[in-house]
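Please look over the sequence and the model below before reading on. The briefing that follows goes through a number of features by topic, for a reader who has not met this structure before.

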Amino acid sequence: MKSNNLFWWNTSKTDKAISSALKILSKRYPALTGKKGEGKELRFVKGENNICSVENFNDGFVITYGSNNMALRMVGNIIAGAIPKAQEESPFTTLGIMLDCSRNAVKTVPFIKKYLDHLAILGYNMIMIYTEDTYQLDDEPMFGFMRGAYTQKEIREIDDYAAALGIEMIPCLECYGHMEKYLIWNEAAPIRDTAGVLLAREPETFKFVEELISTVTGALRSKRIHIGMDEAWDMGRGRFLDIHGYVPPFDI
(Lines give C-alpha, C1' and ligand atoms only; values in the text may rest on other atoms or scores of the structure.)
Protein backbone atom coordinates (compact mmCIF):
# COMPACT_ATOMS: atom_id res chain seq x y z
CA MET A 1 0.00 0.00 0.00
CA LYS A 2 1.34 3.45 -0.94
CA SER A 3 2.42 5.68 1.95
CA ASN A 4 -0.13 8.35 1.01
CA ASN A 5 -2.85 5.76 1.68
CA LEU A 6 -1.53 4.92 5.15
CA PHE A 7 -2.41 6.56 8.45
CA TRP A 8 -0.82 6.69 11.88
CA TRP A 9 -1.45 8.31 15.26
CA ASN A 10 0.62 9.41 18.22
CA THR A 11 -0.25 6.95 20.99
CA SER A 12 1.00 9.30 23.72
CA LYS A 13 -1.35 12.07 22.57
CA THR A 14 -4.38 9.93 21.72
CA ASP A 15 -7.05 8.77 24.14
CA LYS A 16 -6.00 5.33 25.37
CA ALA A 17 -9.29 3.67 24.44
CA ILE A 18 -9.24 5.10 20.91
CA SER A 19 -5.59 4.17 20.42
CA SER A 20 -6.25 0.61 21.59
CA ALA A 21 -9.24 0.27 19.27
CA LEU A 22 -7.25 1.57 16.30
CA LYS A 23 -4.51 -0.95 16.99
CA ILE A 24 -7.07 -3.76 16.85
CA LEU A 25 -8.70 -2.35 13.71
CA SER A 26 -5.34 -2.08 11.96
CA LYS A 27 -5.34 -5.88 11.66
CA ARG A 28 -8.52 -5.65 9.60
CA TYR A 29 -7.77 -2.38 7.80
CA PRO A 30 -4.18 -2.15 6.46
CA ALA A 31 -4.58 1.61 5.94
CA LEU A 32 -4.10 1.99 9.70
CA THR A 33 -0.62 0.44 9.69
CA GLY A 34 1.29 3.60 8.77
CA LYS A 35 4.18 5.00 10.82
CA LYS A 36 5.47 8.48 11.51
CA GLY A 37 7.03 9.75 8.31
CA GLU A 38 5.17 7.10 6.37
CA GLY A 39 1.58 8.14 5.84
CA LYS A 40 -0.71 10.82 7.21
CA GLU A 41 -1.21 11.54 10.89
CA LEU A 42 -4.56 11.23 12.65
CA ARG A 43 -5.00 13.66 15.53
CA PHE A 44 -7.88 13.52 17.97
CA VAL A 45 -9.38 16.46 19.86
CA LYS A 46 -12.16 15.99 22.40
CA GLY A 47 -15.23 18.10 21.60
CA GLU A 48 -18.96 18.20 22.30
CA ASN A 49 -21.08 15.11 22.87
CA ASN A 50 -22.40 13.32 19.76
CA ILE A 51 -20.71 15.79 17.40
CA CYS A 52 -17.70 15.04 15.24
CA SER A 53 -15.86 16.60 12.35
CA VAL A 54 -12.69 16.27 10.28
CA GLU A 55 -10.27 19.00 9.21
CA ASN A 56 -7.24 18.72 6.97
CA PHE A 57 -3.79 19.93 7.91
CA ASN A 58 -0.57 19.59 5.93
CA ASP A 59 0.36 16.09 7.07
CA GLY A 60 -2.96 14.56 8.02
CA PHE A 61 -6.32 15.09 9.64
CA VAL A 62 -7.69 16.45 12.90
CA ILE A 63 -10.74 14.60 14.20
CA THR A 64 -12.85 16.49 16.71
CA TYR A 65 -15.13 14.08 18.51
CA GLY A 66 -17.63 13.94 21.32
CA SER A 67 -17.63 10.18 21.83
CA ASN A 68 -15.11 7.49 21.00
CA ASN A 69 -17.42 5.64 18.63
CA MET A 70 -17.91 8.85 16.63
CA ALA A 71 -14.13 9.28 16.47
CA LEU A 72 -13.79 5.79 15.00
CA ARG A 73 -16.56 6.58 12.53
CA MET A 74 -14.56 9.56 11.28
CA VAL A 75 -11.49 7.33 10.92
CA GLY A 76 -13.61 5.04 8.77
CA ASN A 77 -14.66 7.96 6.60
CA ILE A 78 -11.06 9.07 6.19
CA ILE A 79 -9.66 5.71 5.12
CA ALA A 80 -12.65 5.25 2.78
CA GLY A 81 -12.03 8.66 1.18
CA ALA A 82 -15.51 9.79 2.17
CA ILE A 83 -14.71 12.71 4.45
CA PRO A 84 -17.87 14.66 5.36
CA LYS A 85 -17.83 18.32 4.34
CA ALA A 86 -19.69 19.36 7.49
CA GLN A 87 -19.75 18.15 11.06
CA GLU A 88 -21.89 15.15 11.88
CA GLU A 89 -24.22 15.03 14.84
CA SER A 90 -25.93 11.90 16.16
CA PRO A 91 -29.30 12.18 17.93
CA PHE A 92 -28.52 8.94 19.76
CA THR A 93 -26.11 8.12 22.57
CA THR A 94 -26.49 4.42 21.81
CA LEU A 95 -26.20 3.11 18.26
CA GLY A 96 -26.42 -0.63 17.88
CA ILE A 97 -27.85 -3.71 16.20
CA MET A 98 -29.29 -7.08 17.12
CA LEU A 99 -27.52 -9.95 15.40
CA ASP A 100 -29.66 -13.10 15.10
CA CYS A 101 -27.68 -16.13 16.27
CA SER A 102 -30.53 -18.60 16.68
CA ARG A 103 -32.16 -19.56 13.40
CA ASN A 104 -29.64 -21.90 11.75
CA ALA A 105 -27.16 -19.03 11.77
CA VAL A 106 -25.06 -19.26 14.92
CA LYS A 107 -22.11 -17.08 13.98
CA THR A 108 -18.64 -18.30 14.87
CA VAL A 109 -16.50 -16.25 17.24
CA PRO A 110 -14.10 -15.17 14.43
CA PHE A 111 -17.08 -14.04 12.32
CA ILE A 112 -18.52 -11.95 15.16
CA LYS A 113 -15.10 -10.35 15.75
CA LYS A 114 -14.95 -9.40 12.08
CA TYR A 115 -18.49 -8.03 12.32
CA LEU A 116 -17.51 -6.00 15.40
CA ASP A 117 -14.60 -4.47 13.49
CA HIS A 118 -17.01 -3.27 10.82
CA LEU A 119 -19.44 -1.92 13.41
CA ALA A 120 -16.68 -0.02 15.23
CA ILE A 121 -15.43 1.70 12.08
CA LEU A 122 -19.03 2.71 11.30
CA GLY A 123 -19.49 4.33 14.71
CA TYR A 124 -21.60 1.72 16.49
CA ASN A 125 -21.23 1.28 20.25
CA MET A 126 -23.67 -1.53 21.07
CA ILE A 127 -24.50 -5.04 19.89
CA MET A 128 -27.08 -7.57 20.99
CA ILE A 129 -26.58 -11.21 20.04
CA TYR A 130 -30.02 -12.79 19.91
CA THR A 131 -29.91 -16.25 21.47
CA GLU A 132 -32.90 -18.48 22.08
CA ASP A 133 -31.21 -21.74 23.08
CA THR A 134 -27.82 -21.15 21.49
CA TYR A 135 -25.72 -20.94 24.64
CA GLN A 136 -24.83 -23.68 27.08
CA LEU A 137 -26.33 -24.14 30.55
CA ASP A 138 -24.43 -26.14 33.15
CA ASP A 139 -27.52 -27.85 34.58
CA GLU A 140 -29.40 -28.43 31.30
CA PRO A 141 -27.23 -30.57 28.96
CA MET A 142 -29.82 -30.64 26.17
CA PHE A 143 -30.22 -26.86 26.05
CA GLY A 144 -28.51 -25.86 22.80
CA PHE A 145 -27.62 -29.47 22.01
CA MET A 146 -26.49 -29.82 18.38
CA ARG A 147 -27.37 -26.16 17.83
CA GLY A 148 -23.90 -24.62 17.93
CA ALA A 149 -24.45 -23.20 21.40
CA TYR A 150 -21.87 -20.75 22.74
CA THR A 151 -19.85 -21.66 25.81
CA GLN A 152 -19.37 -19.10 28.57
CA LYS A 153 -15.72 -18.88 27.52
CA GLU A 154 -16.78 -17.93 23.98
CA ILE A 155 -19.25 -15.35 25.27
CA ARG A 156 -16.51 -13.76 27.40
CA GLU A 157 -14.13 -13.76 24.45
CA ILE A 158 -16.65 -11.91 22.28
CA ASP A 159 -17.42 -9.47 25.10
CA ASP A 160 -13.71 -8.78 25.70
CA TYR A 161 -13.19 -8.05 22.02
CA ALA A 162 -16.27 -5.83 21.80
CA ALA A 163 -15.24 -3.87 24.90
CA ALA A 164 -11.78 -3.25 23.43
CA LEU A 165 -13.54 -1.58 20.48
CA GLY A 166 -15.78 0.50 22.74
CA ILE A 167 -18.85 -1.62 21.97
CA GLU A 168 -21.23 -2.71 24.72
CA MET A 169 -22.50 -6.25 24.33
CA ILE A 170 -26.00 -6.66 25.77
CA PRO A 171 -27.50 -10.13 26.22
CA CYS A 172 -30.68 -10.68 24.21
CA LEU A 173 -32.58 -13.63 25.68
CA GLU A 174 -35.99 -15.24 25.35
CA CYS A 175 -38.15 -16.12 28.34
CA TYR A 176 -41.33 -18.23 28.13
CA GLY A 177 -41.80 -18.11 24.35
CA HIS A 178 -39.52 -19.23 21.48
CA MET A 179 -38.41 -22.32 23.38
CA GLU A 180 -39.43 -24.85 20.70
CA LYS A 181 -35.93 -26.18 20.14
CA TYR A 182 -35.39 -27.00 23.79
CA LEU A 183 -38.84 -28.21 24.77
CA ILE A 184 -38.60 -31.24 22.46
CA TRP A 185 -36.27 -32.91 24.99
CA ASN A 186 -37.48 -35.08 27.88
CA GLU A 187 -35.44 -33.12 30.43
CA ALA A 188 -37.62 -30.09 29.65
CA ALA A 189 -40.91 -31.91 30.37
CA PRO A 190 -41.38 -30.42 33.88
CA ILE A 191 -41.32 -26.87 32.51
CA ARG A 192 -43.28 -27.43 29.27
CA ASP A 193 -46.67 -25.80 28.83
CA THR A 194 -47.06 -26.12 25.06
CA ALA A 195 -44.64 -27.02 22.27
CA GLY A 196 -42.97 -23.62 22.37
CA VAL A 197 -43.89 -22.01 25.70
CA LEU A 198 -42.64 -22.57 29.25
CA LEU A 199 -45.00 -23.59 32.03
CA ALA A 200 -45.76 -20.48 34.10
CA ARG A 201 -46.17 -20.30 37.89
CA GLU A 202 -43.94 -23.33 38.53
CA PRO A 203 -40.85 -23.28 40.81
CA GLU A 204 -38.91 -25.35 38.28
CA THR A 205 -39.65 -22.79 35.58
CA PHE A 206 -38.54 -19.89 37.78
CA LYS A 207 -35.31 -21.77 38.52
CA PHE A 208 -34.77 -22.39 34.80
CA VAL A 209 -35.40 -18.75 33.82
CA GLU A 210 -33.01 -17.59 36.53
CA GLU A 211 -30.35 -19.93 35.13
CA LEU A 212 -30.95 -18.57 31.61
CA ILE A 213 -30.35 -15.02 32.75
CA SER A 214 -27.52 -15.56 35.23
CA THR A 215 -25.48 -17.75 32.87
CA VAL A 216 -25.17 -15.10 30.18
CA THR A 217 -25.11 -11.98 32.34
CA GLY A 218 -22.39 -13.58 34.44
CA ALA A 219 -20.14 -13.65 31.37
CA LEU A 220 -20.74 -10.05 30.27
CA ARG A 221 -19.70 -6.60 31.47
CA SER A 222 -22.96 -4.88 30.63
CA LYS A 223 -25.46 -4.22 33.39
CA ARG A 224 -28.25 -4.05 30.84
CA ILE A 225 -30.28 -6.98 29.55
CA HIS A 226 -32.89 -7.43 26.84
CA ILE A 227 -35.51 -10.04 27.69
CA GLY A 228 -37.89 -11.20 24.99
CA MET A 229 -41.40 -12.19 26.07
CA ASP A 230 -42.79 -12.10 22.54
CA GLU A 231 -44.96 -14.45 20.50
CA ALA A 232 -45.98 -16.71 23.39
CA TRP A 233 -49.30 -17.05 21.60
CA ASP A 234 -50.52 -20.20 23.38
CA MET A 235 -49.31 -19.46 26.90
CA GLY A 236 -51.58 -21.11 29.44
CA ARG A 237 -53.33 -23.37 26.92
CA GLY A 238 -51.35 -26.58 27.47
CA ARG A 239 -50.43 -28.18 30.81
CA PHE A 240 -51.10 -24.85 32.52
CA LEU A 241 -54.76 -25.16 31.49
CA ASP A 242 -54.97 -28.65 33.03
CA ILE A 243 -53.45 -27.42 36.32
CA HIS A 244 -55.00 -23.97 36.77
CA GLY A 245 -57.89 -23.78 34.35
CA TYR A 246 -58.21 -20.96 31.83
CA VAL A 247 -56.41 -17.76 32.77
CA PRO A 248 -56.01 -14.89 30.25
CA PRO A 249 -52.37 -14.78 29.06
CA PHE A 250 -51.83 -11.19 30.24
CA ASP A 251 -52.99 -12.20 33.72
CA ILE A 252 -50.52 -15.11 33.69
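**Cavity, pocket and salt bridges**

In this structure, which is a predicted model, there is one cavity of 30 Å³ or more. The points below begin with that cavity, then turn to a pocket, to the salt bridges, and to some single residues.

**The cavity**

- The largest cavity has a volume of about 100 Å³, and its lining is made up of 13 residues, among which Ile 129, Thr 131, Ile 155, Met 169 and Val 216 lie nearest its centre.
- Two or more residues of this lining are given by each of strand E7 (126-131), helix H4 (152-164) and strand E8 (168-174), and the largest share, five residues, comes from E8.
- By character, the lining of the largest cavity consists of twelve nonpolar residues and one polar residue, with no charged residue.

**The pocket and Tyr 176**

- The largest pocket has a volume of about 230 Å³, and the residues that line it are Tyr 176, Ala 200, Arg 201, Phe 206, Met 229, Ala 232, Met 235, Pro 249, Phe 250 and Ile 252.
- Nine residues of this pocket lining are nonpolar and one is charged, while none is polar.
- Tyr 176, one of the residues lining the pocket, is found in the loop between E8 and helix H5 (180-183), and it counts as buried because its relative accessibility is 12%, which is under the 20% limit.
- Most residues other than glycine have a negative phi, whereas Tyr 176, which is not a glycine, has a positive phi of about 85 degrees.

**Salt bridges**

- Side chains of opposite charge can pair when their charged atoms come close, and the structure holds ten salt bridges.
- One of them joins the side chains of Arg 73 and Glu 88, with 2.7 Å from N to O, and this pair links distant parts of the chain, since Arg 73 lies in helix H2 (residues 68-80) and Glu 88 in strand E5 (residues 88-89), 15 residues apart.
- Arg 73 has a relative accessibility of 27%, and therefore counts as partly exposed, a class that lies between the limits of 20% and 50%.
- Asp 159 forms a salt bridge with Arg 221, in which the closest N and O atoms are 3.0 Å apart; because Asp 159 lies in helix H4 and Arg 221 in the loop between helix H6 (203-217) and E9, the pair ties together parts that are 62 residues apart in sequence.
- Arg 221 also forms a salt bridge with Asp 160, the closest N and O atoms here being 2.8 Å apart, and this pair likewise links distant parts of the chain, with Arg 221 in the loop between H6 and E9 and Asp 160 in helix H4, 61 residues apart.
- Are these two partners of Arg 221, Asp 159 and Asp 160, buried or partly exposed? Asp 159 counts as buried because its relative accessibility is 3%, whereas Asp 160, at 41% relative accessibility, counts as partly exposed.
- In addition, Asp 100, Arg 103 and Glu 132 are joined into one network by salt bridges that share partners.

**A surface patch and an exposed loop residue**

- Ile 225, Ile 227 and Met 229 make a nonpolar surface patch of about 250 Å², and Met 229 is also one of the residues that line the largest pocket.
- Within this patch, Ile 227 is found in strand E9 (residues 226-228) and is partly exposed, with a relative accessible area of 37%; this value meets the requirement for patch residues because it is over 30%.
- Met 146 is placed in the loop between E7 and H4, where it counts as exposed because its relative accessibility of 71% is over 50%.
- Although Met 146 is not a glycine, it has a positive phi of about 60 degrees.

**Phe 7 and Ile 252**

- Phe 7 is found in strand E1 (residues 7-8) and, with a relative accessibility of 6%, counts as buried.
- From C-alpha to C-alpha, Phe 7 and Ile 252 are 58 Å apart in space, and they are 245 residues apart in sequence; Ile 252 is also one of the residues lining the largest pocket.

Key
Residues are numbered from 1 along each chain as its sequence is written. This is a predicted model: local features need pLDDT of at least 70, side-chain atom pairs count only at pLDDT 80 or more; totals for chains, interfaces and linings use all residues. Side-chain values use heavy atoms; hydrogens and water are left out. Patches are made of residues with over 30% relative accessible area and no salt bridge: like charges are joined within 9 Å, nonpolar side chains (Val, Leu, Ile, Met, Phe, Trp, Tyr) within 5 Å. Accessible areas come from the Shrake-Rupley method with a 1.4 Å probe; for residues, only the protein chains shown count as cover. A salt bridge is a side-chain nitrogen of Lys or Arg within 4 Å of a carboxyl oxygen of Asp or Glu. Helices (H or I, at least four residues) and strands (E, at least two) are DSSP runs, numbered from the N terminus. Buried means under 20% relative accessible area, exposed over 50%, partly exposed in between (1.4 Å probe, protein chains only). On a 1 Å grid over the protein atoms alone, a cavity is a set of points where a 1.4 Å probe fits but cannot get out, and a pocket is an open set with protein on both sides within 12 Å along at least five of seven lines; lining residues have an atom within 4 Å of a point. Grid points are joined across faces, edges and corners, and a volume is the space filled by probe spheres set on the points. Ala, Val, Leu, Ile, Met, Phe, Trp, Tyr, Cys and Pro count as nonpolar, Asp, Glu, Lys and Arg as charged, and the others, Gly among them, as polar.
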